Amino acid sequence: MPDAFDAGSVRLADRDVPRLGYGAMRLPGPGVWGPPADRAEALAVLRRAVELGIRVIDTAWYYGLDVANELIAEALRPYPEDLVLVTKLGGARRDDGSWYAALSDAELRAGCERDLRVLGLDSIPVVHLRWMDGTESGVSFADALGTMLELKAEGKIQRIGLSNVTLDQLEQALAATDVATVSNQYGFAQRDDQPVLDRCAAAGIPYLPFFPLVAGGGAPGDERLARVADRHGVTPAQAALAWLLARSPVMVPIPGTSRVAHLEENVAAGALRLTDEDLALLDG
Ligand SMILES: NC(=O)c1ccc[n+]([C@@H]2O[C@H](COP(=O)([O-])OP(=O)(O)OC[C@H]3O[C@@H](n4cnc5c(N)ncnc54)[C@H](OP(=O)(O)O)[C@@H]3O)[C@@H](O)[C@H]2O)c1
């Protein structure tokens, strides 16, 4: 049986957690909207994730709406003591499913209450301030961070993480508070965020790349990944996850899937060690 700890571990939220997490965004229906195509499979994915040792689960109230959180609560309560649920505030959805920035004090607070209620928690282990285009919302990063700090002082949030932030925003936040995690887009075919990843590595901040498989057009189609995958008898998706894990000791991929079989493959990728020859090909 694969074990998430085969990927190594990292200190996150005062716990030693495996460097392989799970993202719940693929559990709701198409377009991250409505009920899952296969509810029993969705619940099985979550239970299997915990069984395989995964201790970091990324979610948001606006995945569904509430669908990912409801499934997590149904599958996993009472939560294992060492499970780190990571939610995010800053986005919302219109009735047609489209996404928009929801960064005002009232919107961040309403999202937090919704997470607490649906997940059945008094306090959320890690909450990302998910930055969205500030010009759309008219809210400054400093003001949104201010609300997060208040929520933390009120005990509703245990630790603040950041998502979709620039290096400047990360520095701004670090000047005001501890930053538990950073979650930006990064993957084999999309490495623009390298400066933020490097800053996280220097500060020992776990980095949870979103779209770890599909970033930049996706892993499965890349010919170099296919060659490395062939050498090891694994899939290109597994090679992409192994590449991410080799990229930085603070890297904690959170691949999303709606299928137990893919989840098991993703966890198994944690045991794959790429050779110097593999890395030369992939980074050449
Ligand atoms: N902070 C943010 O703003 C933000 C933004 C986006 C996402 N996220 C988080 O990051 C997580 C990861 O991103 P993501 O789920 O969008 O994308 P991803 O993990 O890069 O890719 C998920 C896609 O890959 C497929 N897949 C998963 N495992 C596979 C495997 N072993 N072989 C082949 N295909 C596989 C999934 O389909 P199947 O369902 O068929 O397996 C799904 O279509 C999300 O779930 C979410 O929690 C955060």
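The side chain of S123 places a polar atom 2.8 Å from the backbone oxygen of G155. In this predicted model, S123 belongs to the loop that links helix 3 (105–119) to strand 8. Strand 8 is in turn part of an open sheet of 6 strands with parallel pairing, and R130, whose bridge partner in strand 9 is S163, is among the residues closest to the ligand.

**Surroundings of S123**

- S123 has a relative accessible area of 18% and therefore counts as buried, the limit for that class being under 20%.
- A second polar contact, at 3.2 Å, joins the side chain of S123 to the side chain of Q158.
- Leaving aside residues up to four places away in sequence, S123 touches L116, G155, K156, I157 and Q158.

**Order of the sheet**

- The strands of the open sheet follow the order 3-4-5-8-9-10.
- Strand 3 (22–23) and strand 10 form the edges, each of them pairing on one side only.
- In general, the strands of a sheet are held in pairs by backbone hydrogen bonds, in either a parallel or an antiparallel arrangement.

**Strand 5 and its neighbours**

- Strand 5 (residues 84–89) is largely enclosed by the rest of the structure, because 6 of its 6 residues are buried.
- V84, V86 and K88 point one way from strand 5, whereas L85, T87 and L89 point the other way; all are buried.
- Strand 4 (residues 56–58) runs parallel to strand 5 and is joined to it by 3 bridges.
- Within this pairing, V56 stands opposite V84, and D58 has V86 as its bridge partner in strand 5.
- The connection from strand 4 to strand 5 passes through helix 2 (residues 67–76), giving a right-handed β-α-β crossover.
- Strand 5 also pairs with strand 8 in the parallel sense, over 4 bridges.
- V86 in strand 5 stands opposite V126 in strand 8.

**Strand 9 and its neighbours**

- Of the 7 residues of strand 9 (residues 157–163), 6 are buried, so this strand is largely enclosed by the rest of the structure.
- The parallel pairing of strand 9 with strand 8 (residues 124–130) extends over 6 bridges.
- Strand 10 (residues 182–183) runs parallel to strand 9 and is connected to it by 2 bridges.
- L162 is placed opposite V182 of strand 10.
- A right-handed β-α-β unit is made by strand 9, helix 6 (residues 167–176) and strand 10.

**Ligand surroundings**

- The ligand is surrounded by 25 residues, of which D58, R130, L213, T257 and H262 are the closest.
- D58, the bridge partner of V86 in strand 5, has a side-chain N or O atom 2.6 Å from an oxygen atom of the ligand.
- A polar backbone atom of G23 lies 3.2 Å from an oxygen atom of the ligand.
- For L213, a polar backbone atom is 2.6 Å from an oxygen atom of the ligand.
- The ligand taken alone exposes 900 Å², and the protein buries 88% of that area.

Conventions. Residues are numbered from 1 along each chain as its sequence is written. This is a predicted model: local features need pLDDT of at least 70, side-chain atom pairs count only at pLDDT 80 or more; totals for chains, interfaces and linings use all residues. Side-chain values use heavy atoms; hydrogens and water are left out. Buried means under 20% relative accessible area, exposed over 50%, partly exposed in between (1.4 Å probe, protein chains only). Two strands pair if DSSP finds at least two bridges between them. A crossover is right-handed if, with the strands pointing away from the viewer, the path from the first strand over the helix to the second runs clockwise. A residue is near a molecule or strand if one of its heavy atoms lies within 4 Å of it. A polar contact is a pair of N or O atoms within 3.5 Å; within protein, one must be able to donate a hydrogen and the other to accept it, and residues adjacent in sequence count only if both atoms are side-chain atoms. Accessible areas come from the Shrake-Rupley method with a 1.4 Å probe; for residues, only the protein chains shown count as cover. Contact means heavy atoms within 4.5 Å.
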